[in-house]
Amino acid sequence: MDMLLFELKKNSSTPLYEQLYASIKQAIIEANIPIGAKLPSKRKLAQFLAISQTTVELAYGQLLAEGYVSTKPRVGFFVEDLESIPLIDKPTTAPLQTEAPPAWRYSFHPGKIDSEHFPFSSWRKYAKDIFDESSKELLSLGDPQGELALRTEIAHYLYQSRGITCDAAQIVIGSGTEQLLPIIMRLLGDDAQFAVENPGYSALPRIHLQDVIPVSIDEDGLRVDELAQTNANVVYVTPSHQFPTGAVLSMKRRAKLLKWANEYDNRYIIEDDYDSEFRYIGKPIAALCGLDQNNKVIYMSTFTKSLMPSLRVAYVVLPPQLVQTYRRLFNYYSSTVPRFDQHILANFMRDGHFAKHLNRMRTIYRKKHDLLIEELQQYAPKIEVFGERAGMHLLIRLQHDETEQQLKQRALDAAIQIFTLSDYTSTKATSDSPTLLLGFGDLHETQIQKAVQALMDALHITKK
């Protein structure tokens, strides 16, 4: 412990050493200074509090005399255990309890990833290389839009994998879509009216002060005809893997949506391409942004599913006209992602490790995807499996008399984590039959059979 901050009143009738003694004593009694902690040296504390060393010495001497601290020659003063000091009025207020996260037997969380196959050795190498005196310039603040090296790698990746042609200057890096969305909202103006998919996942309803407009989803994705009947001028969509249904926005709908955006200058599409890397059925589909010829699509994505949620790196590709607005409004801005982390990721991508990791995980997730379908189909026709294009989860529709929330509680009672379709629905209306989301990212291949069996037992559903 190098310092202690206490407010000492030099104009008080109480001597400074008594004020310091009383403050340290109270901090020890309230356990703000833990047992065994070493107090600052007399010289350091005197310098920090702008008082004399004699004042500190007198305070420490009183604490030593009363047994609150002990001393070791040429080492310092250490806090004693109060249990050994009689007649001490110890605080009776119960400490706040930290709630431990649930201990799930099985988790079907759609946002969890497979952590067993993360390339720790490669990542560790790049982390070790970057934390070196040669990188000391990274200790200072960098470009508000993010490191050029990472933005360049992202631009190359988007061209090769998503058919998007963009410049690194159009990319802004942030610590998650929740952090980037308010920036986009400000760029689009206070009078923007936002529409979102229903059901769907978007942080917009949680951060937007005004109501967003829900637009229905069917097997071809967003109902553009319904969108056209609203007064929305911005729509948030997940066209590659509609979340949570897995519907892929058809090419016909994509053309209609782009036409809708082109009708007015203030209309924009926010394309969230959150996990397009994991597609197991059919050929790859180019991003909506790649089809855009009129700079009407604001493209967003993240490394949450492709690498790790804790990395907290997301990015947005702004149309050229919004880049200038961004630079005008956010010239004071500092990137929310540490520069070291950005360069680790950039080097990881530059040397081909990111593409290699994606190919490996695509194979692993496809196998889990197929195994889960195989296990679930044994319970047909009591359950119907759909959403095979959803990426890292499936959906099941149940023939059941209980509601989704009742079924969710049954699973909870069995220490099994699941989510329901209504968890992502903006309106009260839900599907005719209870519908559950089953993520498989965090499940080991050997767990899938037991996990499905445990869930079906909890829901009182038997095999055909």
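**Group meeting: a walk through the predicted model**

Hi everyone, let's start out in a loop: Pro-101 is found between strand E2 (76-79) and strand E3 (106-107). What you are looking at is a predicted model, so please keep that in mind throughout. Pro-101 is exposed, with a relative accessible area of 69%. As a first sense of distance, take Pro-101 together with Asp-272: they are 171 residues apart in sequence, and their C-alpha atoms are 29 Å apart in space.

Now let's go inside. The largest nonpolar core has 88 residues. Which residues have the most contacts inside that core? They are Leu-257, Ile-269, Phe-303, Leu-307 and Leu-376. I'd like to stay with Phe-303 for a moment. Setting aside neighbours within four places in sequence, Phe-303 is in contact with Ile-154, Met-308, Leu-311, Val-313, Tyr-315, Leu-345, Met-349 and Phe-354. There is also a second, separate core of 29 residues, and among its members are Leu-188, Ala-192, Val-196 and Val-316.

Tyr-315 was in that contact list, which brings me to the rings. The structure holds 16 aromatic pairs. One of them joins Phe-303 and Tyr-315, a tilted pair at 5.7 Å centre to centre with 50 degrees between the planes. Why does this pair tie together separate parts of the chain? Phe-303 lies in the loop between strand E10 (297-302) and strand E11 (314-317), while Tyr-315 belongs to E11 itself, so the pair links parts that are 12 residues apart in sequence. Both Phe-303 and Tyr-315 are buried.

For a second example, take Phe-330 and Tyr-332. This pair is tilted too, with the centres 6.3 Å apart and 35 degrees between the planes. Here the partners differ in their surroundings: Phe-330 is buried at 6% relative accessible area, whereas Tyr-332, at 56%, counts as exposed. Phe-330 has a charged companion as well, since Arg-186 lies over the face of its ring at 5.2 Å from the centre. Elsewhere, ring pairs link Phe-118, Phe-120, Trp-123, Tyr-126 and Phe-348 into a cluster.

On to the strands, beginning with E5, which covers residues 194-198. Is E5 enclosed or open? 5 of its 5 residues are buried, so E5 is largely enclosed by the rest of the structure. Phe-194, Val-196 and Asn-198 point one way from the strand, Ala-195 and Glu-197 point the other way, and all are buried. For those of you who think in charges, note that Glu-197 is in that buried set.

What are the pairings of E5? With strand E8 (residues 234-237), E5 runs parallel and is joined by 3 bridges; Phe-194 stands opposite Val-234 there. With strand E6 (residues 213-218), the pairing is again in the parallel sense, over 4 bridges, and Ala-195 stands opposite Ile-213. Just before we leave this area, look at Val-212, in the loop between helix H7 (204-207) and E6. Val-212 counts as buried at 17% relative accessibility. Its C-alpha atom is 5.3 Å from that of Phe-194, although the two residues are 18 apart along the chain.

There is another sheet I want to show you, an open one. Its 4 strands come in the order E12-E13-E16-E15, with antiparallel pairing. Which strands stand at the edges? Those are E12 (383-386) and E15 (419-420); each has a single partner strand, so one side of each is left without a neighbour in the sheet. E12 pairs with E13 (residues 393-398) over 4 bridges in the antiparallel sense. Within that pairing, Glu-384 stands opposite Arg-397. Arg-397 has a second role in the picture: its charged end sits over the ring of Phe-386, 4.2 Å from the centre.

Last stop, the cysteines. How many disulfides does the structure hold? The count is 0. Cys-166 is in no disulfide, and the nearest cysteine sulfur, that of Cys-289, is 7.1 Å away. Seen from the other side, Cys-289 is in no disulfide either, with the sulfur of Cys-166 as its nearest. Because a disulfide requires sulfur atoms within 2.5 Å, a distance of 7.1 Å does not qualify. Both are inside the protein: Cys-166 is buried at 17% relative accessible area, and Cys-289 counts as buried at 13%.

That's my tour; thanks for listening, and I'm happy to take questions.

Conventions
Residues are numbered from 1 along each chain as its sequence is written. This is a predicted model: local features need pLDDT of at least 70, side-chain atom pairs count only at pLDDT 80 or more; totals for chains, interfaces and linings use all residues. Side-chain values use heavy atoms; hydrogens and water are left out. Rings of Phe, Tyr and Trp (its six-membered ring) pair if their centres lie within 6.5 Å; planes under 30 degrees apart count as stacked, over 60 as edge-to-face and the rest as tilted. Helices (H or I, at least four residues) and strands (E, at least two) are DSSP runs, numbered from the N terminus. Buried means under 20% relative accessible area, exposed over 50%, partly exposed in between (1.4 Å probe, protein chains only). A charge sits over a ring if NZ of Lys or CZ of Arg is within 6 Å of the ring centre and within 35 degrees of the ring normal. A nonpolar core is a set of buried Ala, Val, Leu, Ile, Met, Phe, Trp, Tyr and Cys residues joined through side-chain atoms within 4.5 Å. Contact means heavy atoms within 4.5 Å. Two strands pair if DSSP finds at least two bridges between them.
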